[in-house]
Amino acid sequence: FRALHNASLLSFLSSAIHAAAPKTVLDLGSGHSACWASMVACKAGATRVVCYEAMRVRAEVLRKVLASNGMERKVAVIRCDIADQEGGASPPQRDHPADTLIV
């Protein structure tokens, strides 16, 4: 959460996301930064962002914030703990191929 208050870090991350020119972004462990990172990815040209969040409350807040910013159609929030997947095969790898990963 402290990272969201560090202007130079946010500027660096924003530049990195824009430089990657993402089309499909996968955000694992979305948490507090997902709103920001998802919005930057959309502004950088991503047509689809999929956020995985294990905590129900965080997933709900994330959905509300994205909807209030008009991004609910580009950003999907899936409540799932990828660490609980059997054999290490996670749903993001199977169901949502992406060209950019945010962890």
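This passage describes the sheet and the nonpolar cores of a predicted model. Local features were accepted at pLDDT of at least 70 and side-chain atom pairs only at pLDDT 80 or more, whereas totals for chains, interfaces and linings use all residues. Residues are numbered from 1 along each chain as its sequence is written, and side-chain values use heavy atoms, with hydrogens and water left out.

The model contains an open sheet of four strands in the order 3-2-1-4, with parallel pairing (strands are DSSP runs of E of at least two residues and helices runs of H or I of at least four, numbered from the N terminus; two strands pair if DSSP finds at least two bridges between them). Strand 3 and strand 4 (100-102) occupy the edges with a single partner strand each, so that one side of each lacks a neighbour in the sheet. Strand 1 (residues 24-28) is joined to the parallel strand 2 by five bridges, and Val-25 has Val-49 of strand 2 as its bridge partner.

The largest nonpolar core (buried Ala, Val, Leu, Ile, Met, Phe, Trp, Tyr and Cys residues joined through side-chain atoms within 4.5 Å, buried being under 20% relative accessible area with a 1.4 Å probe, protein chains only) comprises 19 residues, among which Val-49 and Val-75 have the most contacts inside it. At least two residues of this core come from each of helix 2 (33-43), strand 2 (48-53), helix 3 (56-68) and strand 3 (75-79), and helix 2 supplies the largest share, six residues. A second, separate core of five residues includes Leu-26, Leu-28, Tyr-52 and Cys-80.

Terms used: Buried < 20%, exposed > 50% of the residue type's maximum accessible area, 1.4 Å probe, protein only.
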